[in-house]
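Morning, everyone. I'll take one structure today and walk through it strand by strand. Let's put it on the screen.

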Amino acid sequence: MNEILLGIDPREQSIHALVWAADEAVRRRLALRLVVAVPPAHDRLRYDALAHQSALRLRAESALVNAEDLVRELHGGLRTATELVNGAPATVLHDLAANAALVVVGSRRLGRVAEVFSESSVVVPLTARARCPVVMVREAEHSVVHPPALVVGVDGSESAQAAVAFAVAEASLREARLRAVWVWPPSVLAHDDVAEGLAKRRRLLAESVAGWARRYPDVTISQEVLRGHPVEQLALASKESLALVVGRRGRGGYSGMRLGSTVHGLLHRAMCPVITVPLPLREGRADDPAWADRSRSRTTDWSRPADPLGTGVRRPPRGTVGREDGPGPSAGSPER
């Protein structure tokens, strides 16, 4: 959990995603690992496949060099590593995410069907399966809005509690306020008691964020209950937000189905970075104080190094493909 993982698409590098990942690595005092996955060639003759793979690797190596150069311009002291791996991008990033604090990806703006079924899809399958939070950066965060704010979607579920735990720690890290939003869809019942329903959801929302203000006294938490469709209302709330944080519900089924319709819709419609938070694998619920302490320890309560960030860390030569702790490709990676 000592690095942030950035997936780089050599065909369409997302500058917004790269900037977001680099800034977050500096905030958390973590290393930034830049990864490009080269997918296998299908439906090609052998000689054509080899030429195609060679061209893809050259493009991938160039993308890594360009990305590392940009990160160095943004944050000269940030520790970085680069890695080029053969394999489907979603699978490669999922495997590497097991040891990451966050995974950051851009969006190729695929349609809904392509996001689920296309081999080139990364966002949906990775968001659905990764063990750590996944950040999808399509639009830049709205950092010019003051006071800065994050939005977290709340619905009383355990997955929403995990999202609140992450969001309040992230707000503290960024010195931002937190908007906890519960969206109440219109009822199909003609005689629904609106006043009673509103009071109930305000109470549930207050219970969902109870205790976090004491744990994070530097974070101002506002509570809002909105009527409407969850995707539409949360997308509107994201319009002036640094990020939108939501929990991941499902545990089984095909990758596109386990996200839930709200998260899937927000990946397409949110107007700021979307952070999807899975349930913690550890024992204990997301609202358990012990879990919250461990979560905060790897974000805001880091141990500060005595030397400036990056001092004493051996970096690979400019343009080197492989991990920073060994020459060439990492152990277990395909030969270059």
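Start with one pair of residues. Met 136 has Val 274 as its bridge partner in strand E10. Keep in mind that this is a predicted model. Met 136 belongs to strand E5, residues 134–136, and 3 bridges join E5 to E10. Those two strands run antiparallel.

Now the other neighbour of E10. Strand E9, residues 244–247, is joined to E10 by 4 bridges, and here the strands run parallel. Leu 244 is the residue opposite Val 274.

Which way do the side chains of E10 point? Val 274 and Thr 276 go one way, Ile 275 and Val 277 go the other. That fits the general pattern: in a regular strand, side chains alternate between the two faces of the sheet. In E10, all four of these residues are buried.

Zoom out to the sheet. It is open, has 10 strands and mixed pairing. The order reads E3-E2-E1-E4-E5-E10-E9-E6-E7-E8. E3, residues 80–86, and E8, residues 221–227, are the edge strands, each pairing on one side only. From one strand to the next, the twist averages 25 degrees.

Two more stops on the sheet. Strands E6, residues 149–153, and E7, residues 177–184, run parallel with 5 bridges between them. Leu 150 has Leu 178 as its bridge partner in E7. Then helix H3, residues 89–96, lies across E1, E2, E3 and E4. H3 runs at about 150 degrees to E2.

Next, the cores. The largest nonpolar core holds 57 residues. Leu 6, Leu 32, Val 104, Val 152, Leu 178 and Val 245 touch the most other members. Helix H6, residues 158–174, gives the most to this core, with 9 residues. A separate core has 36 residues, including Ala 97, Val 103, Ala 128 and Met 136. As a rule, nonpolar side chains in soluble globular proteins tend to be buried together.

Take Leu 6 as an example. Beyond its close sequence neighbours, Leu 6 contacts Leu 32 and Val 104, among others. Its contacts also include Ala 17, Leu 18, Ala 21 and Arg 33.

Last, a polar residue. Ser 241 sits in the loop between helix H9, residues 230–237, and E9. Is Ser 241 buried or exposed? Its relative accessible area is 1%, so Ser 241 counts as buried. A polar atom of its side chain lies 2.8 Å from the backbone oxygen of Ala 237. Farther off in sequence, Ser 241 touches Glu 141, His 142, Ala 149, Val 151 and Cys 272.

That's the tour. Thanks.

Note on methods
Residues numbered from 1 in each chain as written. Predicted model: local features only at pLDDT ≥ 70, side-chain atom pairs only at ≥ 80, totals over all residues. Heavy atoms only, no water. Core = buried A, V, L, I, M, F, W, Y, C linked by side-chain atoms within 4.5 Å. Buried < 20%, exposed > 50% of the residue type's maximum accessible area, 1.4 Å probe, protein only. Contact = heavy atoms within 4.5 Å. Pairing = 2+ DSSP bridges. Polar contact = N/O pair within 3.5 Å; in protein donor to acceptor, adjacent residues only side chain to side chain. Axes fitted to C-alpha atoms, helices over the stretch in contact; angles between N-to-C directions. Lists of a residue's contacts leave out its neighbours within four places in sequence.
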